[in-house]
Protein chains: 4
Amino acid sequence: MGKVEENKKKKKDAIVNSAFSLFINNGINDTSIADIMKKAELAKGTFYLYFKDKYEVRDYLIRRKATQVFERAIEDLEASDIEEFDDKIIFIIDNVLDQLDGNKILLKFIFKNLSWGLFRHSMEHVQVYDSEGQIDIFGKFNELTDGKIRNVEMLLFLIVELVSSTAYSVILYKQPVELPELKEELYPVIRQMIHLYTIND
Amino acid sequence: MGKVEENKKKKKDAIVNSAFSLFINNGINDTSIADIMKKAELAKGTFYLYFKDKYEVRDYLIRRKATQVFERAIEDLEASDIEEFDDKIIFIIDNVLDQLDGNKILLKFIFKNLSWGLFRHSMEHVQVYDSEGQIDIFGKFNELTDGKIRNVEMLLFLIVELVSSTAYSVILYKQPVELPELKEELYPVIRQMIHLYTIND
Amino acid sequence: MGKVEENKKKKKDAIVNSAFSLFINNGINDTSIADIMKKAELAKGTFYLYFKDKYEVRDYLIRRKATQVFERAIEDLEASDIEEFDDKIIFIIDNVLDQLDGNKILLKFIFKNLSWGLFRHSMEHVQVYDSEGQIDIFGKFNELTDGKIRNVEMLLFLIVELVSSTAYSVILYKQPVELPELKEELYPVIRQMIHLYTIND
Amino acid sequence: MGKVEENKKKKKDAIVNSAFSLFINNGINDTSIADIMKKAELAKGTFYLYFKDKYEVRDYLIRRKATQVFERAIEDLEASDIEEFDDKIIFIIDNVLDQLDGNKILLKFIFKNLSWGLFRHSMEHVQVYDSEGQIDIFGKFNELTDGKIRNVEMLLFLIVELVSSTAYSVILYKQPVELPELKEELYPVIRQMIHLYTIND
DNA sequence: TATGAATGAGGGTTCATTCAT
DNA sequence: CATGAATGAACCCTCATTCAT
C-alpha cells in the first residue's frame, strides 16, 4: 500500500471511529458532520471525500460492527468441538448475546439499525479462514446443515429476528426479564424451531 | 364538554392528524413544526400550547394507533366463534398483519417505534366492552389461557417480538419472502411455541 | 395601514436598500445574503420572509429604479412645453442620460440588467398623474404619436436598445467617445429613425 | 513546436473547450474549476498552471469565439461579389446573425459579455488572408469606405451596439418580435445610418 | 510539470422558539 | 388563548486554493 493510500485509510478510520462514538453517545440525529470531523480532528470538507452523508457512515459502521461480532463468534465456534447443528446455532447466539451484553452501546447501535438485508450482506462479508483459505460463511452454514434442514434462510431469518428483537429489549431495558432468564426461555424455543425445520429421514 | 374544551380538543386533533400524515409521508426528521401547523391550518405558536415538541406528538400517536389496531383485531375476534387459545392468538396476529399489510405506512410507524414497554402500555389501554362493561385486556388473556399456560407474559413477549420484527422486514421490504409465505412459516412456529408453554396435565 | 404592515414595509425597504448599495458596490456575485442582512441590521433568516433569493431582490430593484428614472424624465417633460413627437423622445433620452451620467452606479445596475421585457414591464408601472389622475404611460406614448407612427413598439425597441447599449459603454468606460459627443451623433440618428417610422400623409 | 510545447497547447485547449461547454450549459456562476478540470480529464491543480481563475478563461473564450464568428462572416463576404459598402455591412450583419441564430448558446455567451473594447480587440485579431498575406481588418474597413464615410468608428459603434443588443433580445427571448421581422426593420435603419455618415461630394 | 487529497472559510437555508399584538 | 413576524444558531455543502508527492 502506497503512502497516500495508507494515509487515506487512516483518515477514513478516524472519521468512522469518531462517528461511531458520537452516534452511540448522542444518537445519529443529534450528531452533525461538523461534530464528527471535529472529533476526528480533520477539516469539515474532508468528510465529503469519503462519505456522501452521515447515513452512509452509519451503514458502513453497522456492516463492519456486525461483521466483527459474528466473526468472533464463529472463530470461537471453530475453536470448540461442538458437533451438532443445533448446538452450533445456540453457541453462536449465546456468544453474540454475551458480546453485546458486555457492550450495550454496540448492541443498541447494531440491533436498532439491523435489517435482514444488511444482516445477509454482513454475513456474506464475514471472513473466516481455514487451512485452505477464505470461507464463504453462508455456504458454510448450508454445508453444516448436512442437507438436513429445509429452507435454511427462512429458519435463520426467524431466529435472527426473534433473538435480536427480544435481546434488544432485554439487554437495554431489562424488559420483561433479564438476560439469563431470556436465554433460558429462548434456547428451548429455538431448538424446537430448528427441529421443525429438520428433515426427518 | 364545554364549548371551549371542545374547541381545544378540535385543535389538538388537527395538530395530531396533520402530524401523523406528515410523519408517515416524509418521516419524522423531515417534518418541521411549521409543516405540521401549516397543514393543520393553525398558527405556529399554537403548537406549543398543546405539545412540547414533535416527539411528544409521535409518542401520543404511536400509543393511539397501536391501540386502535389491536382494538379492532379483538373486536373481530369477539365477533368470531373461535374457541381454542392458540387459534385465538393466530387469529389476532393474522388480523393485525392484514391490517398493517393494507397500511404499510402505519406498520412502519408503529413497528419502527414499538418497544415491549409501549406495547404493554398500549395493551393496557385497549378498550373492549362486553355486556358487563369495560374489560382489562391483559387480564382477559390470562383468563383465556384457562390456567393452562405457564409464563404468559414471556410467551406473548416472544411472539410479539418475532411477529413484529419479521413482519416489518417482509411487509416493508419483501425480504426475504412475501407476506403469505411468511405466514405459512410463522404460524406453525407460533403454534409450537404455544405448545411449549402449555402445561400438560 | 396597520402597525404590523407598516413594520413589514419598513423591513422590506431596509433589505432592498441594503442590497442595492451592496450590488452596485461589490457586484451581485460578491454580495451574500448575510451581507445584505447585516447591512440592513436584520437577522439573516428574515430575508427569506421577503424574498426567495438575491436575484428576486435584483429584479425588484431594477423595476423600481428604472421606473423612477423614467417617472422623473416624464415629469420633467410634462413641465416643459415641447410639442413635437421627436422632440419629446429626444428630451426624454437626454433627461435619462443626464440622470444616469450623474449616477453611474445606477446606470451600471439598470443597463447591465435591463431586458426589453423588464423595460416594458417597468413602463407599464410608471405612475404619472395629471389633473385627472393616473396615466398609462404606454397608452400615453401611442397617443402622443397622434397616429403618425407605424409600429411604435418596434421604434421604441430600436431606440431603447441603441441608446442603452451605447450609453453604457460611453458613460462607464468613455469608449469610444465621451457623452457629449455621443449625444451629438446619437440624436440625429434617432431623429432619422423616427422619421423613417413616420407615416407620410 | 517542440513536443513539450505541443503538449501544453493540448492541455490548454482541453481546459478551454471544457470550460466553454460548461459555461454555455450551466452558466459561469454554476461552473466550478473542479467541473472544468474533471471534464477536461486533468487534475484540479493543473488549472492554475494555465489560468488565474475562470474569468480569465471566459475572456479568452469570448475573444476567440467572437473572432471566429467574424472571421467566417468576412470569409463569406470575400467569396461573394458584393461591391457597395452598405451592402457589405448588411451582408456581414446578416451572416453573423444567422450564425448566432443557429447557435443561441454562443450568442448568449458572446453578446452577454461583449463590450466595445473587447469587440475592437477581437476585430484587431481577425485573421484574413489574401494573396499578399494577412490583412488588418480595421484598416480594411477604412479602405472599403473609400474615404466616403466620416467617423467610421462611430458609425461601426452605433451599428454594432444596435445590432447586438436588439438581436440578443430577439434571438434569445423572441422579444418583441422574431429574427426575420427584426431584420426587416433593422436593415433599412442601418442603411439610413450609413447614408447619414456618407460624405456627399 | 502534474497531481489530487486536504483544507476551512463562507455560502444558502431551515427551523425551533419567542413575544408583541 | 391565538397569532405569525422575527430571530439567529446551526446545519449542510461547495469550492478556490495549497502543497506534498
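**Figure 1. Order of helices and strands in chain A of the predicted model**. Read along the sequence, chain A follows the pattern α-α-α-α-α-α-α-β-β-α-α-α, with 10 helices and two strands. Helices (H or I, at least four residues) and strands (E, at least two) are DSSP runs, numbered from the N terminus. Residues are numbered from 1 along each chain as its sequence is written, and chains are lettered from A and ligands numbered from 1 in the order in which they are written. In this predicted model, local features need pLDDT of at least 70 and side-chain atom pairs count only at pLDDT 80 or more, whereas totals for chains, interfaces and linings use all residues.

**Figure 2. The surroundings of DNA strand E**. A residue is near the strand if its C-beta atom, placed from the backbone, lies within 6 Å of it. Of the 35 residues around DNA strand E, those that come nearest are Gly45(A), Ser32(C), Gly45(C), Ala43(D) and Gly45(D). Helix 1 of chain A supplies the largest share of this surface, four residues. By class, the surface has 13 nonpolar, 10 polar and 12 charged residues (nonpolar: Ala, Val, Leu, Ile, Met, Phe, Trp, Tyr, Cys and Pro; charged: Asp, Glu, Lys and Arg; polar: the others, Gly among them).

**Figure 3. The contact between chain B and chain A**. Chain B gives 23 residues and chain A gives 24 residues, where two residues are in contact if their C-beta atoms, placed from the backbone, lie within 7 Å. On the side of chain B that touches chain A, helix 8 of chain B provides the largest share, 10 residues.
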